[in-house]
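The report that follows walks through selected parts of a single protein chain, beginning with one residue and its surroundings and then widening to the strands around them. It is meant to be read with the coordinates open in a viewer.

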Amino acid sequence: AKGEYRFAHLPPGDGYELTVSLPTYATVIFSDLLLGSGRTQEQSAVLQSASDVKEVVRVRGKSDTLDTDKVTASTTFTSTFISELPILGRDYQEILVLAPGVSDVNKTGNPNIHGARDTDVVTLVDGVSTTDPFTGHFGQNLNIESIQELEVITSAATAQYSRAQGGFASILTKSGSNEFQGTFKFYARSDRLDGDGAGVEDPELSGGLQGDKTYTEQHFTDLLPFLSLSGAIVRDKVWYYIASQMIHIETPVNAVSQAFVTPVYGNRTFAKTTWQIHPAHRLTFSLILDKERRENLGIDSL
């Protein structure tokens, strides 16, 4: 009655459309709206009399170039951006270093932000910390296909963040919707696709020594299939999302005195069930499984 409206708990993403209509007034359509995670999108609408306007008015949505209400320095990566990245491997830790001020020189998956220690980065998955309290490093891997949005906060974090002097990696996972969706992806890498095989080892890793020449002759194959399913258990009430990934990674190693291939086998599974109890209340249960087995570390009977 007062011309105010609100749509709660819409999943983040782009391509939204808002239609405003009233009898005897011209219909206004706002298209290509982008909804950010954890933010409120405001959209004002003015209706004109149908006698003055005969056609339907379409307004293309456009976000503000600069958000003056936000003081936090952060970089946000969407699921669409992540899926198109040409990164080696499919780990979310490799995305963190794309943010300004973030680096991971040793390639350990524990970056430092603006020169802070690598133990001063807290990773949050849907608001829950997955940082190992003993080592201060990341405590769990995540199926990269289950990430809806990844935000790297480098400075001026708000009061809801704590226990980190370097920065934060806030991950929001995907949820199901009323529409059934399924995705299958397959990533493969092999020395058989590259004439140089394992290539040349970084001199810093072997002290400048070439080591065993058979290193460049090692055969390796990486296989990473992904499968995700989502939909509604009870339409408009209960939804599900499941993503599974198989890991088969073979890494050639130059140990100077010998060369060998270290394989990693495992799987990463993410399952999430969402229940809309009330228009203002939502209950979510999520399960994260991360299993890896590493073999052949170059140790023999001697």
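Leu297 lies in the segment that follows strand S15, which spans residues 281-294, and in this predicted model Leu297 counts as exposed, with a relative accessibility of 57%. Its C-alpha atom is separated by 8.2 Å from that of Val261, although these two residues are 36 residues apart along the chain. When neighbours within four places in sequence are left aside, the contacts of Leu297 are with Phe260 and Thr262.

Thr262, for its part, is found in strand S14, and with a relative accessible area of 11% it is buried, the limit for that class being under 20%. Which backbone oxygen does the side chain of Thr262 reach? The oxygen belongs to Asn296, and the distance is 3.1 Å. Again leaving aside neighbours within four places in sequence, Thr262 is in contact with Ile249, Glu250, Thr251 and Val253, as well as with Glu295, Asn296 and Leu297.

**The sheet**

Strand S14 belongs to an open sheet of five strands, ordered S11-S12-S13-S14-S15 and paired in the antiparallel sense. The edges of this sheet are formed by S11 (181-190) and S15, each of which pairs on one side only. On average, and with direction ignored, neighbouring strands of the sheet are turned by 10° against each other. Strands of a sheet pair through backbone hydrogen bonds, and the pairing may be parallel or antiparallel. Three of the antiparallel pairings are set out below, each with one bridge as a landmark for the viewer.

| Strands | Bridges | One bridge pair |
|---|---|---|
| S11 and S12 | ten bridges | Gly182 and Leu229 |
| S12 and S13 | nine bridges | Leu227 and Ser244 |
| S13 and S14 | 17 bridges | Gln245 and Arg268 |

S12 covers residues 221-234 and S13 covers residues 238-254, while S14 runs over residues 259-278. Between S12 and S13 the chain forms a hairpin with three residues between the strands, and in this turn Asp236 has a positive phi of about 65°. The hairpin of S13 and S14 has four residues between its strands, and here Val256 takes a positive phi near 65°.

**Aromatic pairs**

A pair of aromatic rings is described by the distance of the centres and the angle of the planes. How many aromatic pairs does a search of the whole structure find? The search finds five, and among them is the pair of Phe77 and Phe81, which is stacked, with 5.5 Å from centre to centre and 25° between the planes. Phe77 is buried, with a relative accessible area of 5%, whereas Phe81, at 38%, is partly exposed.

The rings of Tyr241 and Phe270 have their centres 6.3 Å apart and their planes at 55°, and the pair is therefore tilted. Because Tyr241 lies in strand S13 and Phe270 in strand S14, this pair ties together parts that are 29 residues apart in sequence. Are Tyr241 and Phe270 buried or exposed? Tyr241 counts as buried at 5% relative accessibility, and Phe270 is buried as well, with a relative accessible area of 1%.

Methods
Residues numbered from 1 in each chain as written. Predicted model: local features only at pLDDT ≥ 70, side-chain atom pairs only at ≥ 80, totals over all residues. Heavy atoms only, no water. Pairing = 2+ DSSP bridges. Helix = DSSP H or I, 4+ residues; strand = E, 2+ residues; numbered from the N terminus. Phe/Tyr/Trp six-rings, centres within 6.5 Å; stacked < 30°, edge-to-face > 60°. Buried < 20%, exposed > 50% of the residue type's maximum accessible area, 1.4 Å probe, protein only. Contact = heavy atoms within 4.5 Å. Polar contact = N/O pair within 3.5 Å; in protein donor to acceptor, adjacent residues only side chain to side chain. Axes fitted to C-alpha atoms, helices over the stretch in contact; angles between N-to-C directions.
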